[in-house]
Each structure stands twice: as C-alpha cells, then as structure tokens.
Amino acid sequence: NDQFFDVPLSPKHVNWAEIYPEAYAAAAAAGQPPPLVRFADVGCGFGGLTVKLAENFPGKLVVGMELRDKVTEYVKARVIALRLQSPGSYHNAGVVRTNAMKCLPNYFAKGQLEKLFFLFADPHFKAANHRRRIIQTTLLAEYAFIMAPGGILYTITDVEELGIWMKEKLDAHPLFEAVPEVEVERDPAAALLLQGTEEGQKVARNGGKTWRAVYRRIQDT
Ligand code: SAM
C-alpha cells in the first residue's frame, strides 16, 4: 500500500549521495557538480538490466525502480556485491523502492532522463485493470516531462496484447516518435533488452516471441 512509501517531495529531496556514494565523492573531489541519474529501469525486478547498463555505460548513473521491498533489497545487495568484486566498477548502479506509476516526477527533474526502460512490465490482462498498465496516455505525458528531448524510451514484452497496447499508446502520443528499426539495431542499449534481464533471458531460453517498441522523446517545438 502506497501510504507506507516514503515519497520524496522533489528530486532534490532524494538522498542520491547515499545511493551513489563513490560517484558523488568523486565529483565533489573533482570540484564538479553532483552527478544526475540519466538512465532509469522501471520495474527493474532483480536488476539484471540495471547492472548491465551500469557496466556498458560507466559514465552514466543508472537507477532501477522497483515496487517490491524484498526484490529492491536484493538489488541493493547485488550492487554492493558487484562493487566489492570489481573495485572501481558499478558505482553508477543504484536502486530505489517506489511506485513508479505515481512517483517518477518526485525523483527526476524536467528533461533529466536520457533513457527510460520498461522491460517485461506486468500485463494486467483484465480490461478493468488496464489502467494499471505502466504505459498509458496520461503517464506518457509524465515520462515525456522527465525525459530529455531526443531521449529514448524502450519497451519489450512477451505478451502480444501488451506489446500492441504499448505501441498504440506511444504511436498516438504527440511527444514520442518511433525510432527507425535500423537505428534500434545499432543501439547498444537496445541490444540489452532481451539478454539484459532475468525475464528476458527466460523468454529467450524458451524461444518465445517478444514485442519491442523503442520511441524518441521529440524535441520541443
Ligand atoms: N524488468 C524486470 C525483468 O525484465 O526481468 C522485471 C519484470 S517483472 C515481470 C515486473 C516488475 O515490475 C516486478 O518486479 C514488479 O514488482 C515491478 N512493478 C510492477 N509495478 C510497478 C510499479 N508501479 N512501480 C515499480 N515497479 C513495479
């Protein structure tokens, strides 16, 4: 239940230095401003994509966002273990427990995010529950707000009905445009969509079909 969540009043009220202690200390020591999170993995589950992104984009702070408490604690421990195993690495990976459908603007300022990921989101099959889907028109306006113009929103699912739904909502939204397939194929972040997460690996192992939709936050006119 949401009343148990500690919702930050604004992005400035989040204790980011606690999530990325070394990255913050390094910036301070170099006389640079505090680094900002640029990539968010929404509904990160066990954090497979979050850590792969941190590995592949060492210069970017990556945050996983997860609703379930135990799963969030697992990802926290996973990141700490990786930092210990590979000194100097994974200082850009972090996780927060939150309801991303309600709280994203409490975490990110306007135009902050360069990449926003929704991998294997819960399908909420029943029509009465469609409003719980993480990709929908009203929420897309929020995602557009926190994304940098030119930033990329990635979705993938093994549920055809949800794949069609997400594409439909994104196609209809004036602030997003589909990224051409040739560009998606060249994008190293897109390559992580299937292999990057626990859910994706399971689907790939079973030879299952997936539906991918990659959209660009258009430049403001
Ligand atoms: N993205 C991961 C993967 O591909 O392996 C996990 C996929 S799992 C099917 C969906 C995850 O989204 C679950 O861990 C669930 O707890 C989380 N989730 C569902 N609704 C959420 C919300 N409103 N905010 C944050 N996380 C949410």
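**Exercise 1. Describe the surroundings of Gln136, beginning with its side chain.**

Solution. The side chain of Gln136 comes to 2.6 Å from the backbone oxygen of Arg133. This is a polar contact, that is, a pair of N or O atoms within 3.5 Å; within protein, one must be able to donate a hydrogen and the other to accept it, and residues adjacent in sequence count only if both atoms are side-chain atoms. Next, Gln136 belongs to the loop between strand 4 and helix 6. Helices (H or I, at least four residues) and strands (E, at least two) are DSSP runs, numbered from the N terminus. Finally, Gln136 is buried because its relative accessible area is 13%. Buried means under 20% relative accessible area, exposed over 50%, and partly exposed in between (1.4 Å probe, protein chains only).

The model is predicted: local features need pLDDT of at least 70, side-chain atom pairs count only at pLDDT 80 or more, and totals for chains, interfaces and linings use all residues. Residues are numbered from 1 along each chain as its sequence is written, and side-chain values use heavy atoms, with hydrogens and water left out.

**Exercise 2. Determine whether Asp122 and His124 are buried, partly exposed or exposed.**

Solution. Asp122 lies in the loop between strand 4 (113-119) and helix 6 (137-146). With a relative accessibility of 55%, Asp122 counts as exposed. His124 also has its place in the loop between strand 4 and helix 6. His124 is partly exposed, since its relative accessible area is 25%. In its backbone, His124 shows a positive phi of about 45°, although it is not a glycine. Most residues other than glycine have a negative phi.

**Exercise 3. Identify the residue whose side chain Glu55 joins in a polar contact, and describe both partners.**

Solution. The partner is Tyr90: a polar contact of 2.6 Å joins the two side chains. Glu55 lies in helix 3 (residues 48-56) and is partly exposed, with a relative accessible area of 44%. Tyr90 is in the loop between helix 4 (69-85) and strand 3. Tyr90 is buried, because its relative accessible area is 11%. Its phi is near 65°, a positive value in a residue other than glycine.

**Exercise 4. Describe how the protein surrounds the ligand.**

Solution. Begin with the shell: 17 residues surround the ligand, the closest being Gly43, Glu66, Arg68, Asn99 and Leu119. A residue is near a molecule if one of its heavy atoms lies within 4 Å of it. The shell consists of seven nonpolar, five polar and five charged residues.

Next, consider individual atoms. An N or O atom in the side chain of Arg68 is 2.8 Å from an oxygen atom of the ligand. A nitrogen atom of the ligand lies 3.2 Å from a polar backbone atom of Leu67, and a backbone N or O atom of Ala100 is 2.9 Å from a nitrogen atom of the ligand. Strand 2 (61-66), helix 5 (100-107) and helix 10 (198-205) are the elements that give two or more residues to the shell.

**Exercise 5. State where Asn99 is found and which backbone atom its side chain approaches.**

Solution. Asn99 is in the loop between strand 3 (93-97) and helix 5. A polar atom of its side chain lies 2.9 Å from the backbone nitrogen of Met101. Asn99 is buried, since its relative accessible area is 14%.

Technical notes: Ala, Val, Leu, Ile, Met, Phe, Trp, Tyr, Cys and Pro count as nonpolar, Asp, Glu, Lys and Arg as charged, and the others, Gly among them, as polar.
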